[in-house]
Amino acid sequence: SWPLIKQLQGSLIAGIHGLAITGSRPYGEFNIGLGNLGFGQIRGLSLSYVKAFGAVDRPDGFFIGFKL
């Protein structure tokens, strides 16, 4: 197990999204990551890996977010 992940008390986030519009190629993406990361009362950081499928120039990347 990963001690830092346990200390941050993160939660696993996974999802799949899709979009189909008439006249264009369908788009889909899959993401997996960790959310609700932080120390003490400061929580809300998330880090995810995103893999896109379909009509895209950049098929994968990382997403970093923070809830205020």
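**Note on a four-stranded antiparallel sheet**

1. Gly 38 stands opposite Arg 43 in β3. This pair is read from a predicted model, as is everything below. The hairpin of β2 and β3 has two residues between its strands, and Gly 40 there takes a positive phi near 60°.

2. Beyond the turn, β2 and β3 run antiparallel and are joined by 11 bridges. Strand β2 covers residues 27–39, and strand β3 covers residues 42–54.

3. On the other side of the ladder, strand β1 (residues 11–19) pairs with β2, also in the antiparallel sense, over nine bridges. Two positions fix the register. Ser 11 stands opposite Gly 35 in β2, and Ile 16 has Phe 30 of β2 as its bridge partner.

4. Taken together, the strands form an open sheet of four, in the order β1-β2-β3-β4, with antiparallel pairing. The edge strands are β1 and β4, each of which pairs on one side only. From one strand to the next, the twist averages 20°. As a reminder, strands of a sheet pair through backbone hydrogen bonds, either parallel or antiparallel.

5. Is Asn 31 buried or exposed? Asn 31 lies in strand β2 and counts as buried because its relative accessibility is 12%, under the 20% limit. Leaving aside residues up to four places away in sequence, Asn 31 touches Ile 13, Ala 14, Gly 15, Ile 16 and His 17, and also Ser 48, Tyr 49 and Val 50. Of these contacts, Ile 16 has already appeared as the bridge partner of Phe 30.

6. A longer-range relation can be given for Asn 31 as well. Its C-alpha atom and that of Phe 63 are separated by 9.1 Å, with the two residues 32 apart along the chain. Strand β4 spans residues 60–66.

7. Which residues make the nonpolar surface patch? The patch consists of Ile 42, Leu 45, Leu 47, Phe 62, Ile 64, Phe 66 and Leu 68, and has an area of about 880 Å². Two elements, β3 and β4, give two or more residues to this patch.

8. Leu 47 is one of the patch residues and is found in strand β3. With 42% relative accessibility, Leu 47 counts as partly exposed, since that class lies between the 20% limit for buried and the 50% limit for exposed. Asn 31, by contrast, counts as buried at 12%.

Conventions: Residues numbered from 1 in each chain as written. Predicted model: local features only at pLDDT ≥ 70, side-chain atom pairs only at ≥ 80, totals over all residues. Heavy atoms only, no water. Patch = residues over 30% accessible without salt bridge, like charges linked within 9 Å, V, L, I, M, F, W, Y side chains within 5 Å. Areas by Shrake-Rupley, 256 points an atom, 1.4 Å probe, with all protein chains shown as cover. Salt bridge = Lys/Arg side-chain N within 4 Å of Asp/Glu carboxyl O. Buried < 20%, exposed > 50% of the residue type's maximum accessible area, 1.4 Å probe, protein only. Pairing = 2+ DSSP bridges. Contact = heavy atoms within 4.5 Å. Axes fitted to C-alpha atoms, helices over the stretch in contact; angles between N-to-C directions.
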